[in-house]
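Hi there,

Here is the structure I promised to pass on to you. Have a look at it first, and then read my notes underneath.

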Amino acid sequence: MQISVETFTVNKRFPLTISRGTTAQTTNILVRIEQDEIEGWGEASPFSIVREDRKNTDELLKELEQIIPTLEKYSSLDRQEIEKKLQEMQVSSSLRAAIDTALHDWLGKRAGLPLWRLWGLNRDRIVPTSVTIGINTPQGARKRVKDWIALMGAKLLKVKLGSPEGIEADRAMLLAIREEAPHAQLTVDANGGWNLEGAMEMCDWLAQQGVKYVEQPLPVGEEKNLSQLRSRSPIPIFVDESCFSSGDIPRLANCADGINIKLMKAGGLTEVMRSIHVAKACGLQIMFGCYSDSSLANTAMSHLAPLADYLDLDSHLNLADDPFAGAILEEGRLLPNDLPGLGVQYRRNLAPCP
């Protein structure tokens with residue numbers, strides 16, 4: 001098989017602020033895998049759980065250059081061996097995600113079937129996706145809600161809290177959102193922005209506001225306190241940054257109610273599926289999330305969306321210049337199409353990928 005790489009830059013319509021900072025633009029990587037005149041596509045987007053672990057796009061490209069000669073010795077059908085080799089080489093998870101996704105796209109095109117069909121899944125089971133309101137002033141949050149409602153009639157809002165200004169700022173923002181969208185379903189993601197005492201106080205208060213669940217209330221490294229928080233929280237606790245892949249799930253099973261699975265964290269659709277099975281075996285609920293991903297990566301996740309309890313695959317909806325088109329938004333639900341593989345097309349001409 002042959003591998004080629006190119007970059008593309010995407011800009012957010014509305015910059016997103018979370019407890020770790022603000023993002024307005026990212027440069028992502030398109031990985032193409034070609035064999036037998038069939039080409040599979042995958043996306044890698046840079047992300048960080050803590051500031052120290054971030055690799056920028058240039059660093060990811062250098063890493064790709066080093067591993068491509070090794071990978072090109074394999075066939076596109078050798079996914080098990082390729083996954084093992086990538087793990088042995090300690091390749092960054094976002095690059096593993098791009099390669100594994102491209103291999104699945106290739107396979108679906110080879111078979112002439114969309115991935116959801118290959119997996120025997122039912123698109124009717126896909127739940128609506130939430131859309132995200134970043135940390136903002138109360139006035140700014142109100143405007144952001146209006147923007148989302150105007151864009152897609154959003155009814156499920158994921159509110160980013162953990163403001164550097166403290167929990168009173170968090171409360172003021174959430175109340176403004178509730179007033180602006182009184183009938184919307186709200187969830188909260190603190191991105192590790194609270195300490196244990198603040199998280200306990202906020203979980204009690206958020207329950208009174210009708211919030212459905214809270215995600216990553218405590219920072220990475222404080223998982224020992226999650227069980228204490230969960231034991232007294234009136235709303236479910238999900239973990240995101242504390243859970244990279246399937247190997248992390250068993251140790252979190254007694255201190256969380258669910259996990260947020262992201263393609264870039266997991267390192268590919270193979271590991272996403274594995275994480276789903278492990279989480280379900282541990283009695284945990286499943287959420288799919290994203291980083292600054294385009295339609296390519298979010299469409300890949302949409303093929304497994306029938307297995308998720310909650311979806312937060314909205315990053316591409318906030319892009320002013322998404323180069324791809326794939327899964328279709330229908331009544332708030334992100335549905336994969338019937339085209340082979342991922343079903344992703346170039347937006348500029350809507351010609352199917354070769």
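The notes below cover a sheet and two pockets.

Please keep in mind that this is a predicted model.

Let's begin with the sheet. It is an open sheet of 3 strands, in the order β1-β2-β3, and the pairing is antiparallel. In general, strands of a sheet are held as pairs by backbone hydrogen bonds, and they can be parallel or antiparallel. Here β1 (2–18) and β3 (38–44) are the edge strands, so called because each pairs on one side only. From one strand to the next, the twist averages 20°.

If you zoom in on β1 and β2 (residues 21–35), you will find 13 bridges joining these antiparallel strands. A good place to start is phenylalanine 8, which stands opposite asparagine 28 in β2.

Now for the pockets. The largest pocket holds about 800 Å³ of space. Its lining is made up of 43 residues, and those nearest the centre are Lys12, Leu16, Ile18, Thr23 and Ser292. The strands β1 and β2 turn up again here: they are among the elements that give two or more residues to this lining, along with β4 (131–133), α5 (138–152), β5 (156–160) and β9 (258–262). By type, the lining of the largest pocket has 11 nonpolar, 18 polar and 14 charged residues.

The second largest pocket has a volume of about 230 Å³. Of the 14 residues that line the second largest pocket, Ser295, His316, Leu317, Asp322 and Arg347 lie nearest its centre. This lining divides into 7 nonpolar, 3 polar and 4 charged residues.

Enjoy exploring!

Best wishes

Note on methods:
Residues are numbered from 1 along each chain as its sequence is written. This is a predicted model: local features need pLDDT of at least 70, side-chain atom pairs count only at pLDDT 80 or more; totals for chains, interfaces and linings use all residues. Side-chain values use heavy atoms; hydrogens and water are left out. Two strands pair if DSSP finds at least two bridges between them. Helices (H or I, at least four residues) and strands (E, at least two) are DSSP runs, numbered from the N terminus. Axes are lines fitted to C-alpha atoms, for helices over the stretch in contact, and angles run from 0 to 180 degrees between N-to-C directions. On a 1 Å grid over the protein atoms alone, a cavity is a set of points where a 1.4 Å probe fits but cannot get out, and a pocket is an open set with protein on both sides within 12 Å along at least five of seven lines; lining residues have an atom within 4 Å of a point. Grid points are joined across faces, edges and corners, and a volume is the space filled by probe spheres set on the points. Ala, Val, Leu, Ile, Met, Phe, Trp, Tyr, Cys and Pro count as nonpolar, Asp, Glu, Lys and Arg as charged, and the others, Gly among them, as polar.
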